[in-house]
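Please read this briefing with the sequence and the structure side by side. The points below are grouped by topic.

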Amino acid sequence: MRLTDIARMCIDNLRRRKGRTILTVLGVFIGCTSIVVMVSIGIGMNEQQNQMLSQMGDLSIIEISQGYGEGTGTPSDAKLDDAAVETFRSIEGVQAVMPKVSLSLDYPVRMLAGVNDRYTCDWAEIVGLDTDAMEAMGYEIMDGTMPKQEGEVLAGQYLAYDFMDSLMPEGRNYVDRWAGYDEQGNEIDPQDPFFDMMKTPITLEFDMGDALTEKKYRKELKVTGVTKEDDGKGWETAEGLMMDIDAMKKLMADVREAGGMPAAGSAAGNQISYSTILVKAADISQVSEIEGSIKGMGYNTYSMESMRQSMEENARQVQLMLGGIGAISLFVAAIGITNTMIMSISERTREIGIMKALGCYVRDIRALFLMEAGTIGLLGGVIGCMVSLILSVMINLFSMGAIGEGMEGGITWDVICSALLGGEDVTRISVIPPGLMLFAIGFSVLVGLISGYYPANKAVKIPALEAIKHE
């Protein structure tokens, strides 16, 4: 028999027993839906965790600091210098390296702005970094441009809110940026700060005097751009100043010279040690290997990789547990397929005998029953995946507030697409990747074939003469 003949007979046999076929397909459909929805919730949990971590910072960045001897508490021989930067760049999988040095002087420094230094900020994080590597490292400039010459700097997103108005009374001399959140913790537009950093120069004032003399060193800076807050890259992206690392070296040398201190670490002076070095992996999957290599050199490292791996492992265990619960339903459906096929064989014993008497090959009879069982699994799997998609969208719409409480604008096509495909600002409870659907359909077909294997073998073993005599 040709394959098309077997397929036609398969369809005809399933149609002749519609009620039994529908009930058996229903069992597979329930089992498939249970597995897909359960596993999708576990995948959604993993997506939520990754979104949470990404809000805390770039998951592909490793922060490197000075290493210490094990159990000694003394710094290791591994230094954070230019040689270390070149070593890190040579590691396979490293996309970019960002050396950073914090303003480190024995003199107090504050920032001033406005006419007659009206606005003051007593402390802020001031760092020098490789501005040429900022784009590759993923720094985001919200406004303005990168500094191009000496005296130009970048400001953190909320630095302006750290300035106080010296002419205003206590309690009214600052702008509370945290007032930009409502009682539920939702972000609203905060009040504008006292001045625009892009239009107002900022002056650094170093106090080098003592109890008897007053001696100050001032350096005026121009803010050319504002960076978006990113905890993974440093607190300065929120409330600090960032300048080119060479400009930082020169500033520290000038301040030391003005205060009568040795100009170590100047642009033309000795080698400088960096406070931290950031390393960005080309892919998040390479973070663990790169971090291990750097630790092996004697440095301390920090990344979100260990936290991410731990959360992924927990999500994987939840997926297995939920998938196992759904698999029980599919196991019950497999028993139903086996029962249906055995009943079908008992009813069609005479038909099987006639097929054998007409010279039909045993393999064709086996293929016919296996195809019927596999078709039941296929139908149940396809319908189960379609229903799973609908349930997944409804779950996500409910979590987004589009169902029940109501979402502004109602349920639109864009909202449905966001619930199904996700987005930057969308948190999905249930996530069904295409691979999961293909696996569910394939698994349902496999369950059908396995369930039908015993009845198919039983069918081909029936003697032709005995089968023809069967009533």
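N13 counts as buried because its relative accessibility is 4%, and buried means under 20%. The residue lies in helix α1, which covers residues 3-16. The model is a predicted one, and the notes below go from this residue to the whole chain, then to pairs, loops, helices and surface.

**A buried residue and a distant partner in sequence**

- N13 and E372 are 359 residues apart along the chain.
- In the model, the C-alpha atoms of N13 and E372 are separated by 8.1 Å.

**The chain as a whole**

- The chain has 471 residues, and 44% of them count as buried.
- Its secondary structure includes 13 helices and 13 strands.
- Among contacts with a separation of 6 or more, 78% join residues that are 24 or more positions apart.
- The accessible surface of the chain is about 24,900 Å². Carbon and sulfur atoms account for 56% of that surface.

**Salt bridges: one pair within a helix**

- Side chains of opposite charge can pair when their charged atoms come close.
- The count of salt bridges comes to 13.
- One of the pairs is E86 with R89, at 2.8 Å from N to O.
- E86 and R89 are separated by about one helical turn, because they are 3 residues apart in helix α3 (residues 82-89).
- E86 has a relative accessible area of 48%, so this residue is partly exposed.
- R89 is also partly exposed, at 37% relative accessibility.

**Salt bridges: a network across the sequence**

- The side chains of R110 and E205 form a salt bridge with an N to O distance of 3.0 Å.
- R110 is in strand β3 (residues 109-113) and E205 is in strand β9 (residues 202-207), so this pair ties together parts that are 95 residues apart in sequence.
- Are R110 and E205 buried or exposed? R110 is partly exposed, with a relative accessible area of 32%, whereas E205 is buried, at 8% relative accessibility.
- The side chains of D117 and R218 form another salt bridge, at 3.2 Å from N to O.
- D117 belongs to the loop between β3 and β4 (119-121), and R218 belongs to strand β10 (residues 216-227), so this pair ties together parts that are 101 residues apart in sequence.
- D117 has a relative accessible area of 26% and is partly exposed; R218 is partly exposed as well, at 41% relative accessibility.
- R110, D117, E205 and R218 are joined into one network by salt bridges that share partners.

**Backbone angles in the loop between β3 and β4**

- Most residues other than glycine have a negative phi.
- Which phi does N116 have? N116 is not a glycine, yet its phi is positive, at about 55°.
- N116 is placed in the loop between β3 and β4. With a relative accessible area of 76%, N116 is exposed, since exposed means over 50%.
- D117 is found in the loop between β3 and β4 too. D117 is not a glycine either, and its phi is positive at about 55°.
- D117 thus has two entries in this briefing: its positive phi and its salt bridge with R218.

**Two helices packed together**

- Helix α9 covers residues 349-357, and helix α10 covers residues 362-400.
- The two helices pack at an angle of about 145°, and their axes are 10 Å apart.
- On the α9 side, the contact is made by I352, M355 and K356. On the α10 side, I365, L368 and F369 make the contact.
- By type, the residues of this contact are 5 nonpolar, no polar and 1 charged.

**A nonpolar patch on the surface**

- Which residues form a nonpolar patch on the surface? The patch is made of I328, F331, V332 and I335.
- Together these four residues have about 430 Å² of accessible area.
- I335 is found in helix α8, which covers residues 305-347.
- I335 counts as partly exposed because its relative accessibility is 48%.

How values were computed. Residues are numbered from 1 along each chain as its sequence is written. This is a predicted model: local features need pLDDT of at least 70, side-chain atom pairs count only at pLDDT 80 or more; totals for chains, interfaces and linings use all residues. Side-chain values use heavy atoms; hydrogens and water are left out. Patches are made of residues with over 30% relative accessible area and no salt bridge: like charges are joined within 9 Å, nonpolar side chains (Val, Leu, Ile, Met, Phe, Trp, Tyr) within 5 Å. Accessible areas come from the Shrake-Rupley method with a 1.4 Å probe; for residues, only the protein chains shown count as cover. Helices (H or I, at least four residues) and strands (E, at least two) are DSSP runs, numbered from the N terminus. Buried means under 20% relative accessible area, exposed over 50%, partly exposed in between (1.4 Å probe, protein chains only). Axes are lines fitted to C-alpha atoms, for helices over the stretch in contact, and angles run from 0 to 180 degrees between N-to-C directions. Contact means heavy atoms within 4.5 Å. Ala, Val, Leu, Ile, Met, Phe, Trp, Tyr, Cys and Pro count as nonpolar, Asp, Glu, Lys and Arg as charged, and the others, Gly among them, as polar.
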